[in-house]
Amino acid sequence: MKSRFPVLFCLFLGLFGCSKDQNKSGPTIKLKSYTDMVPESGAFNAVLTYSQKSGNLSGDSLWIIRHRYNQTPIPVGEETPDTLMTLLPDVPSTNTAEFSTSLAWANISYGINGENDTFDFKFVLVDINGNHSDTVTTGKVVVLQ
């Protein structure tokens, strides 16, 4: 008789504990592909997939965070922001979508002393309600000089 109560209590907690993921309404993104070698005057491109239960990509913002691996420091006054934000265009309402982003060579390259630049890029999607997606990260991207 005494052993039934703890078993029923554990079963009760287990049922309610497993249902917490069903309430997630924020966006999710996945990295489908990206350019790992950017030639001079070329562009870095990434293709991302999006999903959200009550999804509408219109008005959402995509945050791109650049991380530089080079050992040579950037000269003072030549730094550019490492966090970029763009608003996504108006699109038909859908729960899933695929979109791409592009960054021109001239906007991501430092080329100090002719040295190739090595970066990774992180992407975060923020929906119009302020819900954040998980962060997806590329591998190393080499920007040729």
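The following exercises, with worked solutions, concern a predicted model.

**Exercise 1.** Determine where aspartate 60 lies and whether aspartate 60 counts as buried or exposed.

*Solution.* Begin with the location: aspartate 60 is found in the loop that runs between β3 (43–51) and β4. Next, consider accessibility. The relative accessibility of aspartate 60 is 0%, and buried means under 20% relative accessible area; aspartate 60 therefore counts as buried. Then examine the surroundings. Apart from neighbours within four places in sequence, aspartate 60 is in contact with several residues, among them Tyr50, Thr86, Leu125 and Ile128. Finally, a polar atom of the aspartate 60 side chain lies 3.0 Å from the backbone nitrogen of isoleucine 128.

**Exercise 2.** Establish the location and the exposure of aspartate 82.

*Solution.* Aspartate 82 belongs to the loop between β4 (61–68) and β5 (83–87). Its relative accessible area is 38%. Since partly exposed covers values between 20% and 50%, aspartate 82 is therefore partly exposed. As for contacts, once neighbours within four places in sequence are set aside, these are Ile64, Ile65, Arg66 and Tyr110. The C-alpha atoms of aspartate 82 and arginine 66 are 4.9 Å apart, although 16 residues separate the two along the chain.

**Exercise 3.** Describe the open sheet of three strands, giving the strand order and the edge strands.

*Solution.* The order is β1-β3-β6, and the pairing is antiparallel. β1 (28–34) and β6 (96–104) are the edge strands, each pairing on one side only. From one strand to the next, the twist averages 25°. For the pair β1 and β3, six bridges join the antiparallel strands. Serine 33 stands opposite valine 47 in β3.

Key
Residues numbered from 1 in each chain as written. Predicted model: local features only at pLDDT ≥ 70, side-chain atom pairs only at ≥ 80, totals over all residues. Heavy atoms only, no water. Helix = DSSP H or I, 4+ residues; strand = E, 2+ residues; numbered from the N terminus. Buried < 20%, exposed > 50% of the residue type's maximum accessible area, 1.4 Å probe, protein only. Contact = heavy atoms within 4.5 Å. Polar contact = N/O pair within 3.5 Å; in protein donor to acceptor, adjacent residues only side chain to side chain. Pairing = 2+ DSSP bridges. Axes fitted to C-alpha atoms, helices over the stretch in contact; angles between N-to-C directions.
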